[in-house]
Amino acid sequence: MADEKKLKDGLDDILGDAKEGAKKASDKASELADDAKETMNEFAGSAKEAFGGVNGENKKLVAGLLGIFLGSFGVHKFFLGYNKEGIIQLIASVVTCGVVGIVGFIEGIIYLTKSDEEFYNTYQIGKKPWF
């Protein structure tokens with residue numbers, strides 16, 4: 001009977017420690033989530049500052065670099081305001097495991113090789129969504 005009492009007390013101690021550990025983990029997870037939200041808001045503010053005043057000339061450079069480095073996710077499409085095409089490219093990239101990313105890479109190169117005026121007329125005024 002004494003052994004059963006010791007076993008029960010031992011299990012109760014372990015259970016109490018587990019509950020305390022779970023509470024600490026939950027508190028830490030909440031703290032990390034709050035930090036992540038704060039970082040995201042800071043990043044969003046910085047991105048708005050950095051890209052908010054981009055004119056036609058600078059948009060070409062940013063769109064071209066986004067196409068080359070993040071083209072498989074369609075980021076350059078979203079940046080230029082082609083949301084539907086950006087979603088299509090993102091989905092196609094996921095379905096093909098990134099193979100369609102070559103399209104973004106090629107578009108990035110095309111963007112950078114066009115003159116500023118030609119890029120502005122074609123992609124910002126003419127709204128040509130692909131190539």
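**Close-ups of a predicted model**

**View 1. A charged pair within helix α1.** Asp-12 counts as partly exposed, since its relative accessibility is 37% (buried is under 20% relative accessible area, exposed is over 50%, and partly exposed is in between, with a 1.4 Å probe and protein chains only). Its partner here, Lys-8, is partly exposed too, at 48%. The two form a salt bridge whose closest N and O atoms are 3.1 Å apart (a side-chain nitrogen of Lys or Arg within 4 Å of a carboxyl oxygen of Asp or Glu). Both residues sit in helix α1, four residues apart, or about one turn of the helix (helices, H or I with at least four residues, and strands, E with at least two, are DSSP runs numbered from the N terminus).

This is a predicted model, where local features need pLDDT of at least 70, side-chain atom pairs count only at pLDDT 80 or more, and totals for chains, interfaces and linings use all residues. Residues are numbered from 1 along each chain as its sequence is written, and side-chain values use heavy atoms, leaving out hydrogens and water.

**View 2. Two further salt bridges of α1.** Asp-27 pairs up with Lys-23 in a salt bridge, with 3.1 Å between the closest N and O atoms. Asp-27 is partly exposed at 39%, while Lys-23 is exposed at 51%. Glu-31 and Lys-28 form another salt bridge, at 3.7 Å, and these two are three residues apart in helix α1. The whole structure has seven salt bridges.

**View 3. A cluster of rings.** Tyr-111, Phe-119 and Tyr-123 are linked into a cluster by ring pairs (ring centres of Phe, Tyr or Trp, the latter by its six-membered ring, within 6.5 Å; planes under 30 degrees apart are stacked, over 60 edge-to-face, the rest tilted). Tyr-111 and Phe-119 make an edge-to-face pair, because their planes are at 75 degrees, with the centres 5.4 Å apart. Phe-119 and Tyr-123 make a tilted pair, 5.3 Å centre to centre with 40 degrees between the planes. Tyr-111 is buried, at 0%, and Phe-119 is buried at 0% as well.

**View 4. The two sides of helix α6.** Phe-119, Tyr-123 and Gln-124 are the buried residues to look for in α6. They fall within an arc of 85 degrees seen down the helix axis, so they line one face (the arc is that of the directions from the helix axis to the C-beta atoms). On the face turned away from that buried side you'll find the exposed residues Glu-117 and Ile-125.
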